[in-house]
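Reader: I am new to this structure, and I would like to learn how its features are read. Could you take me through them one at a time?

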Amino acid sequence: MNIEPVVNATFDHPFRFSQEQVIQFAALTGDNNPLHLDAEYAATTTFKRPIIHGMLGATVFTKVLGTQFPGFGSIYLKQTVEFLRPMFVDTDYKAVFTIKTIDPVKHIAEISTEIVDINTKKVVTRGMATMINQEKF
């Protein structure tokens, strides 16, 4: 990935999660809330169907920031996250990253992080990452 690390540079990453991945995440974390795993239970809630764990959705941030944009050598210092809308399995999303600030002396950048539902165009998750990358910033 060869994106110039400058303020306002952006990167999009399309993705989706399956119910099997939700089950694996629940097993890994121990978060077995039936809202994520039981369709009958979820039908009785506001969402009417199982939702993805918010933190599972946010894992796309670390995947992309650590491997693609800015990529290898990146170290997380901070990540804020707001869960604005539910996420659902087998739904197309894109993670959108925008460099907001760069401190070239400290090699630190602040990067906005958003997850957008591709069909509705609504932001479902947003936050801000603070990253160090000695080579890129």
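Author: What follows is a conversation that goes from the whole chain to single residues.

Author: Please keep in mind throughout that this is a predicted model. The secondary structure of the chain comes to four helices and five strands, and from the N terminus on these elements run β-α-α-α-α-β-β-β-β.

Reader: Which figures describe the chain as a whole, before we turn to its parts?

Author: The C-alpha atoms fill a box of roughly 55 × 30 × 20 Å along the principal axes, and of the 137 residues in the chain, 38% are buried. The accessible surface comes to about 7700 Å², with 55% of it belonging to carbon and sulfur atoms. If one takes the contacts with a separation of 6 or more, residues 24 or more positions apart account for 65% of them.

Reader: In what order do the strands of the sheet lie, and which are the edge strands?

Author: The order in an open sheet can be read by going from strand to paired strand, and here the five strands give β1-β3-β4-β5-β2, with antiparallel pairing. The edge strands are β1, residues 10-15, and β2, residues 75-83, each of which pairs on one side only. From one strand to the next, the twist averages 20 degrees.

Reader: How many bridges join β3 to β4, and how many pair β1 with β3?

Author: Strand β3, residues 93-103, and strand β4, residues 108-117, run antiparallel and are joined by ten bridges, while β1 and β3 pair in the antiparallel sense over six bridges. A pairing can also be followed residue by residue: Phe 15 has Tyr 93 as its bridge partner in β3, and the partner of Tyr 93 in β4 is Asp 117. Elsewhere in these pairings, His 13 has Ala 95 of β3 as its bridge partner, and Ile 102 stands opposite Ala 109 in β4.

Reader: Which side chains of β1 are buried, and which are not?

Author: The general idea is that in a regular strand the side chains alternate between the two faces of the sheet. In β1 this alternation can be followed by name, since Phe 11, His 13 and Phe 15 point to one face and are buried, whereas Thr 10, Asp 12 and Pro 14 point to the other face and are not buried.

Reader: Which strands does helix α4 lie across, and what do its buried residues pack against?

Author: Let us begin with the helix in general: an α-helix has 3.6 residues a turn, so residues three or four places apart point the same way. In this structure, helix α4, residues 54-67, lies across β1, β2, β3, β4 and β5, and runs at about 135 degrees to β4. Its buried residues are Leu 56, Gly 57, Ala 58, Val 60, Phe 61, Val 64 and Leu 65. These buried residues of α4 pack against all five strands, β1, β2, β3, β4 and β5, and also against α1, residues 19-29.

Reader: Where is Lys 48 found, and why does it count as exposed?

Author: Lys 48 is found in the loop between α3, residues 39-43, and α4. Lys 48 counts as exposed because its relative accessibility is 57%, and the cut-off for that word is over 50%. Leaving aside residues up to four places away in sequence, Lys 48 touches Ala 42 and Ala 43.

Reader: Which peptide bond is cis, and which residues have a positive phi although they are not glycine?

Author: The backbone is read through its angles, and the peptide bond from Phe 69 to Pro 70 is cis, with omega near 5 degrees; Pro 70 has its place in the loop between α4 and β2. Asp 90, in the loop between β2 and β3, has a positive phi of about 55 degrees although it is not a glycine. His 107 is likewise not a glycine, and its positive phi is about 60 degrees; His 107 belongs to the hairpin of β3 and β4, which has four residues between the strands.

Reader: Why do Asp 90 and His 107 count as partly exposed?

Author: Asp 90 counts as partly exposed because its relative accessibility is 47%, and His 107 counts as partly exposed because its value is 21%. The term buried would require a value under 20%, and exposed a value over 50%.

Terms used:
Residues are numbered from 1 along each chain as its sequence is written. This is a predicted model: local features need pLDDT of at least 70, side-chain atom pairs count only at pLDDT 80 or more; totals for chains, interfaces and linings use all residues. Side-chain values use heavy atoms; hydrogens and water are left out. Two strands pair if DSSP finds at least two bridges between them. Helices (H or I, at least four residues) and strands (E, at least two) are DSSP runs, numbered from the N terminus. Axes are lines fitted to C-alpha atoms, for helices over the stretch in contact, and angles run from 0 to 180 degrees between N-to-C directions. Contact means heavy atoms within 4.5 Å. Buried means under 20% relative accessible area, exposed over 50%, partly exposed in between (1.4 Å probe, protein chains only). Accessible areas come from the Shrake-Rupley method with a 1.4 Å probe; for residues, only the protein chains shown count as cover.
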